[in-house]
Amino acid sequence: MLTKFPTGLRGVRSVVPARYLLLAVSVVAIMSWASTVSAADPAVSFENDISPLLEQHCIRCHTPGNEKGEISLATISDLTENGYIDPGNADGSYLIELVEADQDGEAQMPQESPPLSEAEVALLREWIDSGAGWPAEIVVEERSKADSSWWSLQPLKEAQSDVSIDDFIRRKLHEKQLTLNDAADRRTLIRRATYDLIGLPPTPEEVEQFVHDTDPQAYEKLIDRLLASPHYGERWGRHWLDVVRFGESNGFERNVIINTLWPFRDYVIESINSDKPFDQFIQEHLAGDVLAPHDPEVAVGSAFLVAGPYDDVGNQDAAQAAQIRANTLDEMIRATGEAFLGLTIGCARCHNHKFDPITQRDYYGFYATFSGVRHGAVELATPEAKAERQRRLQPLTKKRQELEQQSRELRATVLARGRSRLAAHEANWTRPPVDRTGTEDRFEPVRAKFVRLICEARDGNPGTAVGFRIDEFEVWSTEEEPRNVALAANGGKASGASRQIEDFPNAYGPQLAIDGKTGARFISAGDRLTIELGDAAEIDRVIFSSAKGESNPEHRKFEFVADYYIEVSSDGKEWQNVASSRDRQPVNREGHLDVRLWRLEASEQEQKEFAELSRELNQINREIAAIPPLPSVWIGRRSAGDAKGPFHIFLGGSPQKKGNEVVPASLASLDETVSPFELSAGTDEAKRRLELARWITDSRNALTLRVLANRIWHYHFGTGIVDTPSDFGYMGGRPSHPELLDFLAVKLRENGWRLKPMHRMIMLSDTYRQSSEFDAGAARVDGDARLLWRFPPRRLSAEEIRDSILQIAGKLDDRMGGPGFRLYHFMQDNVCTYVPLDQHGPETYRRAVYHQNARASVVDLMTDFDQPDCAFSTPNRAETTTPLQALTMLNHSFTMDMATALAERLRGEAGDESAAQVMRAYQLCYGRPPSGSQSAACCEFVEEHGLTALCRVLLNTSEMIYVE
């Protein structure tokens with residue numbers, strides 16, 4: 001095809017191919033555009049030159065809210081408003097003065113890295129001189145080490161359909177010129193598999209049956225039998241409870257026991273036993289109460305949110321209270337991110353995550369999502385159970401309301417009469433009301449050996465006379481130089497029922513009222529305080545207080561007497577009234593005044609009528625109390641007020657420094673693989689959690705699937721393909737077999753997020769079934785056996801050790817579910833104390849998963865063998881070896897009791913012949929018979945030291961607590 005040049009090229013006419021014409025026109029256009037751009041654009045680009053410079057050298061310290069950096073360099077206004085730059089005048093800009101090196105090559109900034117190069121300073125100068133252009137849409141932020149291209153954030157890679165676990169393992173081994181070990185023998189294999197799936201040793205009968213089973217499918221049948229055992233959920237439920245930081249006390253200073261969280265433990269065990277799809281399981285953790293509000297067996301799953309520690313001190317300072325609330329939500333955010341996503345989202349609380357692509361906006365999107373959750377127990381029952389209880393309560397409640405109404409009417413009649421004569425009464429109240437900082441009563445001199453204060457009404461609650469405080473009670477003599485004869489230093493003795501705490505007797509005892517000190521005080525458990533003087537003395541006044549010298553005497557911890565009288569006695573039997581509060585004004589015009597008027601105005605008949613109404617009311621209340629309450633479960637309360645918002649980024653993590661507004665949303669770094677969500681600020685609290693739960697469990701969310709698949713592998717082999725099971729970010733481990741991890745994650749998804757098919761696939765592999773035999777040559781190449789050239793042997797967990805000892809001794813109580821048992825003595829006051837039990841009775845012989853684990857508590861044997869403190873998630877348990885372990889196992893009363901029980905079992909099952917007893921003992925403890933030399937040595941030991949001593953030795957052997 002031929003064409004003509006455009007008429008704009010006058011005087012030139014030619015015939016050329018069209019493709020050359022188009023090329024020529026394009027070149028002309030590009031040259032024209034380039035000359036225009038170079039003439040209009042500045043030589044320094046903020047986005048390409050200045051922003052990266054600030055990111056690299058400055059923004060780490062100089063971010064919004066970072067007090068360390070004093071000012072922020074995130075936006076142009078931060079610099080201009082603080083006088084750091086003068087656009088158009090680099091020489092007059094303070095920023096240049098800070099970053100330019102002096103004659104010695106030193107610069108004031110940056111402080112924690114080398115000075116800027118001359119070229120970099122020149123760029124800053126040129127940028128400022130050209131007007132310091134800074135596009136409004138650009139905010140300078142420190143870049144994380146990893147971005148959205150990080151390996152764990154990518155979609156799953158499908159493997160070939162005919163590939164197996166062993167293919168991936170052998171490929172890696174081949175690269176290192178290694179091979180799998182031969183298969184383990186059957187005794188080893190059944191012991192390994194049984195502990196792995198149910199956390200208990202196989203019985204001797206199970207071992208012998210499997211060893212001699214000629215069915216080619218014997219091993220497959222073994223795995224199926226173990227997966228069908230209810231003990232499977234107890235074993236793998238314990239793994240999950242570690243991950244979700246399940247603990248039954250709130251931690252922090254008070255560390256109060258929580259008695260209503262055990263249903264969550266039972267829910268976990270039952271869910272795992274039933275092979276509940278794990279995506280559903282996760283959704284129930286985050287929003288079970290939303291998915292099925294009327295089904296307690298589902299709603300209980302949301303206890304995950306409040307299963308961690310929280311501070312319940314209740315700080316009165318608003319700023320501190322806000323910080324505590326922020327800390328509480330932070331704990332939920334961290335638990336969610338680490339358990340399900342394997343991401344340390346909490347590191348973005350104060351600033352953008354320095355290592356992973358997680359921003360503060362991401363973090364506070366989660367904050368807004370969980371904002372309506374408060375710790376606490378709520379009634380959790382089916383509609384039918386609620387209706388049945390209401391049916392039983394209705395007639396009693398109606399009767400109670402009628403009695404209460406009659407009592408109110410009678411009381412109102414008396415009080416109305418009293419108020420009509422209030423002026424006459426007030427004429428008798430000539431003295432001021434009691435004063436917590438010091439109340440004095442004077443009276444005619446009287447000789448006394450005993451003085452007592454009797455409370456008729458407490459100022460904080462005039463309806464009771466119990467619970468008043470006294471920090472000092474002074475009794476003054478009439479001597480020329482009066483003395484406080486009540487003082488303990490002067491021979492005084494105080495008595496009176498006081499509030500008691502078990503671990504600190506007399507912490508609030510009456511002796512505090514006469515020690516001459518303030519600060520600590522007597523807290524009454526009765527209505528009186530009695531002082532016995534050292535010697536009888538003539539006295540004429542008393543002074544007493546509950547808040548002497550305190551700056552906030554109105555605080556409730558200083559509750560005092562409101563109405564009282566003072567009595568004296570010479571023998572402690574006959575008493576004389578010398579003073580009272582009857583002539584004092586009431587402490588307030590509400591409750592105390594009403595108590596006074598009732599006492600003054602009620603006739604004898606009215607008092608009898610009121611007493612009868614009270615008696616009937618008490619009877620009705622007893623009948624109501626006899627109706628069992630609905631179950632109360634620690635799933636947390638929902639607060640619409642807390643969830644209302646608006647929500648902001650907290651600069652530097654401080655609730656007092658609010659940045660941009662945020663709304664509930666998903667993590668931006670996964671937007672390319674999972675459909676994101678962003679909800680409006682007014683979205684219902686329940687919908688926020690539900691949307692997050694659905695996003696986390698989206699079948700395209702490779703991160704959740706990888707994390708879960710890795711956890712399964714971790715608990716089978718002792719180390720995950722990623723050896724940091726809750727951190728798949730930059731600071732976590734790298735996968736030893738990345739293709740295998742994706743293969744497992746895909747299989748997990750194909751199996752409907754169910755664990756049991758995954759167990760079966762893993763445990764049927766040659767990799768799992770190989771022996772743990774050591775090879776020095778292979779160990780030099782792969783000392784930790786991460787490449788799995790052998791099966792990694794392991795020590796039993798603390799729970800497995802205790803459960804095994806109980807089963808071997810024939811004492812294991814295999815009851816499932818319900819409230820847990822305690823291996824500590826619990827004591828509570830303002831704070832709680834947990835003292836390990838020296839003796840473990842039969843009531844504690846259940847599986848350890850049912851122990852009521854309290855945070856920061858020490859439990860003999862369990863703690864020694866690395867049972868973790870449930871204050872934090874424990875995705876990977878420690879395995880230490882210490883002298884204390886041997887000492888505890890050998891000498892603790894529990895081991896001694898179990899050795900005695902095992903000896904009794906052996907006598908009952910093997911008779912009195914020592915060789916038969918030794919044979920049975922080995923089968924129970926090790927799953928094998930003894931060798932000839934072992935049998936002979938043990939029989940000789942029994943002859944010399946007794947069967948119980950042998951049992952004690954066997955329970956302390958390494959072979960019993962290690963699995964190969």
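Student: How many disulfides turn up in a search of the whole structure?
Tutor: The search finds 0 disulfides, where a disulfide is a pair of cysteine sulfur atoms within 2.5 Å. Keep in mind that this is a predicted model: local features need pLDDT of at least 70 and side-chain atom pairs count only at pLDDT 80 or more, while totals for chains, interfaces and linings use all residues. Also, residues are numbered from 1 along each chain as its sequence is written, and side-chain values use heavy atoms, with hydrogens and water left out.

Student: OK, take Cys 347. Which cysteine sulfur is nearest to it?
Tutor: That's the sulfur of Cys 350, 9.5 Å away, and Cys 347 is in no disulfide. Cys 347 is partly exposed, at 34% relative accessibility. The cut-offs are under 20% relative accessible area for buried, over 50% for exposed, and partly exposed in between, using a 1.4 Å probe and protein chains only.

Student: And what about Cys 939, how far is the nearest cysteine sulfur?
Tutor: It belongs to Cys 938 and sits 7.1 Å away, so Cys 939 is in no disulfide. Cys 939 has a relative accessible area of 16%, so that residue counts as buried.

Student: New topic, charges. How many salt bridges are there?
Tutor: The count is 62 salt bridges. For each one, a side-chain nitrogen of Lys or Arg has to be within 4 Å of a carboxyl oxygen of Asp or Glu. The general idea is that side chains of opposite charge can pair when their charged atoms come close.

Student: Give me one. What does Arg 235 form a salt bridge with?
Tutor: Its partner is Glu 800, and their closest N and O atoms are 3.3 Å apart. Arg 235 is in helix α10 (residues 230-243) and Glu 800 is in helix α27 (residues 798-808), so this pair ties together parts 565 residues apart in sequence. Helices here are DSSP runs of H or I with at least four residues, strands are runs of E with at least two, and they're numbered from the N terminus.

Student: Is Glu 800 buried or exposed?
Tutor: Glu 800 is buried, at 2% relative accessibility. Arg 235 is buried too, at 7%.

Student: Got another pair? Where does Asp 563 come in?
Tutor: Asp 563 meets Arg 599 in a salt bridge, 3.0 Å from N to O. Arg 599 is in helix α18 (residues 591-601) and Asp 563 is in strand β11 (residues 561-569), which puts the two 36 residues apart. Asp 563 is buried at 0% relative accessible area, whereas Arg 599 is partly exposed at 31%.

Student: Which residues are linked in a network of salt bridges?
Tutor: Glu 205, Arg 905, Glu 909 and Arg 920 are. Within that group, Glu 909 and Arg 905 have their closest N and O atoms 2.8 Å apart. Both are in helix α29 (residues 893-910), and because they are 4 residues apart, about one helical turn separates them.

Student: Now sheets. How does strand β5 pair with strand β10?
Tutor: They run antiparallel over 12 bridges, with β5 covering residues 439-458 and β10 covering 528-545. Two strands pair if DSSP finds at least two bridges between them. One of the partnerships joins Ile 454 to Arg 528 in β10.

Student: What about β7 and β10, how many bridges?
Tutor: β7 (residues 472-477) pairs with β10 over 6 bridges, antiparallel, and Glu 474 has Ile 543 in β10 as its bridge partner. β8 (residues 493-495) also pairs with β10 in the antiparallel sense, over 3 bridges, and there Ser 495 is partnered with Thr 530.
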